[in-house]
Amino acid sequence: MKLLDNILDYNEKFVADKKYEAFETTKFPNKKAVILTCMDTRLLELLPKAMNVSNGDVKIVKNAGALVTHPFGSIMRSLLVAVYQLQAKEVMVIGHHDCGMSGMKSDIMLDEMRKRGIEDTIFETLNYSGINVDEWLHGFDNVTDSVAHSVDVIKKHPLMPSDVPVHGLVIDPATGKLDLVINGYDA
Ligand SMILES: [Zn+2]
């Protein structure tokens, strides 16, 4: 059976058996925080468990690398919505060791794109349009520096209230151990 069919099959039973009852909560985070972290599969359950957060406790925003790449992109917008509309009173940026975006060489990904049928003329057109795909795909070299940089962008954002602490942490995807990079209460 294909994945989607498998999921839909399971879902029918999940709803019929009222398994959702264990997860009932509201859209407002009990712990009044929003977390920005990586989409890494190892963090899916490990990160909330290692932080003692459950359904309803926090807002979680995810992307590849836990990066704020643009001050007016969708990640920053999500953090601002959490603060202004959803009662989040603090922000936590949580990068992790062994991240796929760490030391990511964009040329390898560009080669993969070519192999999958993306023509060179596409890259040329994008370049002419002012989009540097190579730069856009680039990850980061050091996770601690990357987390500190994202914290800085969020903290200094012109639309972020100055009384919102912004913390920076790095998690070990094997053990769940958190290392503090920036304590937002000190800032
Ligand atoms: Zn990652």
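Of the contacts in this chain with a separation of 6 or more, 77% are accounted for by residues 24 or more positions apart, and I should say at once that what we are looking at is a predicted model. The chain has 187 residues, of which 25% are buried, and its C-alpha trace spans about 50 × 50 × 35 Å along the principal axes.

Let me turn to the secondary structure. There are 7 helices and 5 strands, and if you read along the sequence, they follow the pattern α-β-α-β-α-β-α-α-α-α-β-β. An open sheet of 5 strands runs in the order 2-1-3-4-5, and its pairing is mixed. At its edges are strand 2, residues 58-63, and strand 5, residues 178-182, each of which pairs on one side only. On average, and with direction ignored, neighbouring strands of this sheet are turned by 25° against each other. Helix 3, residues 74-85, packs on the sheet, where it touches strand 1, strand 2 and strand 3, and its direction makes about 175° with that of strand 2.

Within the sheet, I would like you to look at strand 3, residues 90-96, which pairs with strand 4, residues 166-171, in the parallel sense over 6 bridges. One residue to keep in mind here is H96, whose bridge partner in strand 4 is I171.

H96 brings us to the annotation. The UniProt record, an unreviewed entry, places a "binding site" feature at C38, D40, H96 and C99. These positions span 62 residues in sequence, yet no two of their C-alpha atoms are more than 8.8 Å apart, so they gather at one spot.

What surrounds C38, leaving out residues up to four places away in sequence? C38, which is found in strand 1, residues 33-38, touches L43, K62, A64, G65, A66, G95, H96 and C99, and that list includes two of the other annotated positions, H96 and C99. C38 counts as buried because it has 24 C-beta neighbours inside 10 Å, where 20 or more are required.

And where does D40 sit? D40 is placed in the loop between strand 1 and helix 2, the latter being residues 43-50. With 21 C-beta neighbours inside 10 Å, D40 also counts as buried. Once its neighbours within four places in sequence are left aside, D40 is in contact with H96, C99 and P173.

To draw this together, H96 and C99 appear among the contacts of C38 and among those of D40, while H96 itself is bridged to I171 in strand 4.

Definitions and conventions: Residues are numbered from 1 along each chain as its sequence is written. This is a predicted model: local features need pLDDT of at least 70, side-chain atom pairs count only at pLDDT 80 or more; totals for chains, interfaces and linings use all residues. UniProt positions are given in the numbering used here, feature names are shortened, and annotations may be inferred rather than shown by experiment. Helices (H or I, at least four residues) and strands (E, at least two) are DSSP runs, numbered from the N terminus. A residue is buried if 20 or more other C-beta atoms lie within 10 Å of its own, exposed if 12 or fewer, and partly exposed in between; C-beta atoms are placed from the backbone. Two residues are in contact if their C-beta atoms, placed from the backbone, lie within 7 Å. Two strands pair if DSSP finds at least two bridges between them. Axes are lines fitted to C-alpha atoms, for helices over the stretch in contact, and angles run from 0 to 180 degrees between N-to-C directions.
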